[in-house]
Amino acid sequence: MNELIQNLLPNASQIPNEFVDATIQTIYMVFWTTLIAGILGILLGLLLIIIGPKGFLKNNWLYNILDKVINTVRSIPFIILLTLLGVVTRFIVGTTIGETAALVPLIIGVVPFYARQIENTLLEVDPGVIEAAESMGTSPVGILFRVYLIEGLPGIVRVSAVTVINVIGFTAMAGAVGAGGLGNLAVTRGYNRFQTDITVVATLLILVLVFTSQWASNKIIKKISH
């Protein structure tokens, strides 16, 4: 069996520890980006709902500014955003190399995307439920957390799963410019040295992470839908 693996994966079979380290680095970036960007994205999404056209603190001026900023950041390809934020990353972290440094552009790139997904999801909450809560004297804060977030929870889980998958893809792109992780291993060891089997194995490991996150989100959705 070992001989078969070495024949099929002559280069990848020689560096199992590097694959383990790269996988841990990728999970590190995905976890912290998802956690921080998730919190900021939900808060920004709620703010867009509050001040939006149907919000109870309607503010067209502020909403239009945030709307344009979000659309602008979302329109910038992530690989370009990485280079644009190099100065900011160096100021915050002290370097632009490594998985911790990659968190800065990852978070900045993910927050607008996730916030827009949250806004679209919460806009689908039944207006009748919101009106009923208002007629019962529920405070604006109560409507946000007891109505919008509770009623929109299945949708929030779905868009969160999509966002996590995007984050995994972003970490692979970040790896191309020295962030570490499986993307870095696939490029520096696989592509640059023409060791295709390393790229294949790194890709398979990334797919495992994607399928695992999708499986977990499906389980959560089924549980909260019953």
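**Entry 1: Ser75**

I started with Ser75, which is found in helix H3. Helices (H or I, at least four residues) and strands (E, at least two) are DSSP runs here, numbered from the N terminus. Ser75 counts as exposed, at 58% relative accessibility. My labels are these: buried is under 20% relative accessible area, exposed is over 50%, and partly exposed is in between, with a 1.4 Å probe and protein chains only. I then checked Ser75 against Phe113: the two are 38 residues apart along the chain, and their C-alpha atoms are separated by 9.8 Å.

Note to self on the model: it is predicted, so local features need pLDDT of at least 70 and side-chain atom pairs count only at pLDDT 80 or more, while totals for chains, interfaces and linings use all residues. Residues are numbered from 1 along each chain as its sequence is written, and side-chain values use heavy atoms, with hydrogens and water left out.

**Entry 2: the whole chain**

How many helices and strands does the chain have? I got 11 helices and zero strands, so to speak an α-only string: α-α-α-α-α-α-α-α-α-α-α along the sequence. Along the principal axes, the C-alpha atoms fill a box of roughly 70 × 45 × 25 Å. Of the 226 residues in the chain, 42% are buried.

**Entry 3: what the record says**

I pulled the UniProt annotations, which come from an unreviewed entry and put "domain: ABC transmembrane type-1" at residues 23–217. The positions are in the numbering used here, the feature names are shortened, and annotations may be inferred rather than shown by experiment. In the model, residues 23–217 are 83% helix and 0% strand, and the end C-alpha atoms of that span lie 20 Å apart.

The same kind of lookup gave "transmembrane region" for residues 27–51, 72–91, 97–115, 156–178 and 198–216, per the unreviewed UniProt entry. I checked two of these spans. Residues 27–51 come out as 100% helix and 0% strand, with end C-alpha atoms 35 Å apart. Residues 156–178 are 87% helix and 0% strand, with end C-alpha atoms 32 Å apart.

**Entry 4: salt bridges**

I searched the whole structure and found three salt bridges. The criterion is a side-chain nitrogen of Lys or Arg within 4 Å of a carboxyl oxygen of Asp or Glu.

One pairs Glu18 with Arg189, with the closest N and O atoms 3.0 Å apart. This pair links distant parts of the chain: Glu18 is in helix H2 (residues 16–51), Arg189 is in helix H10 (residues 181–191), and they are 171 residues apart. Glu18 is partly exposed, with a relative accessible area of 33%, whereas Arg189 is buried at 16%.

Another joins the side chains of Asp67 and Arg116, at 2.5 Å from N to O. Because Asp67 lies in helix H3 (residues 60–75) and Arg116 in helix H6 (residues 99–122), the pair ties together parts that are 49 residues apart in sequence. Both Asp67 and Arg116 are buried.

What else does Arg116 form a salt bridge with? Glu119 is the partner, with the closest N and O atoms 2.6 Å apart. Arg116 and Glu119 both lie in helix H6, three residues apart, about one turn of the helix. Glu119 is buried, as is Arg116. Shared partners join Asp67, Arg116 and Glu119 into one network of salt bridges.

**Entry 5: a nonpolar patch**

I looked for surface patches next. Tyr28, Phe31, Trp32, Leu35, Ile36, Ile39, Leu40 and Leu43 form a nonpolar one, with about 710 Å² of accessible area together. Patch residues have over 30% relative accessible area and no salt bridge; like charges are joined within 9 Å, and nonpolar side chains (Val, Leu, Ile, Met, Phe, Trp, Tyr) within 5 Å. Areas are Shrake-Rupley with a 1.4 Å probe, and for residues only the protein chains shown count as cover.

I picked two members to inspect. Ile39 lies in helix H2 and is partly exposed at 49% relative accessibility. Leu40 is also found in helix H2 and is partly exposed at 41%. The C-alpha atoms of Leu40 and Ala115 are separated by 7.9 Å, although the residues are 75 apart along the chain.

**Entry 6: a negative patch**

Which residues form the negative surface patch? I found Asp126, Glu131, Glu134 and Glu151. Asp and Glu count as negative, Lys and Arg as positive, and His and the chain ends are not counted. Each charge is placed at NZ of Lys, CZ of Arg, CG of Asp or CD of Glu. Glu151 belongs to helix H8 (residues 140–151) and is partly exposed, with a relative accessible area of 45%.
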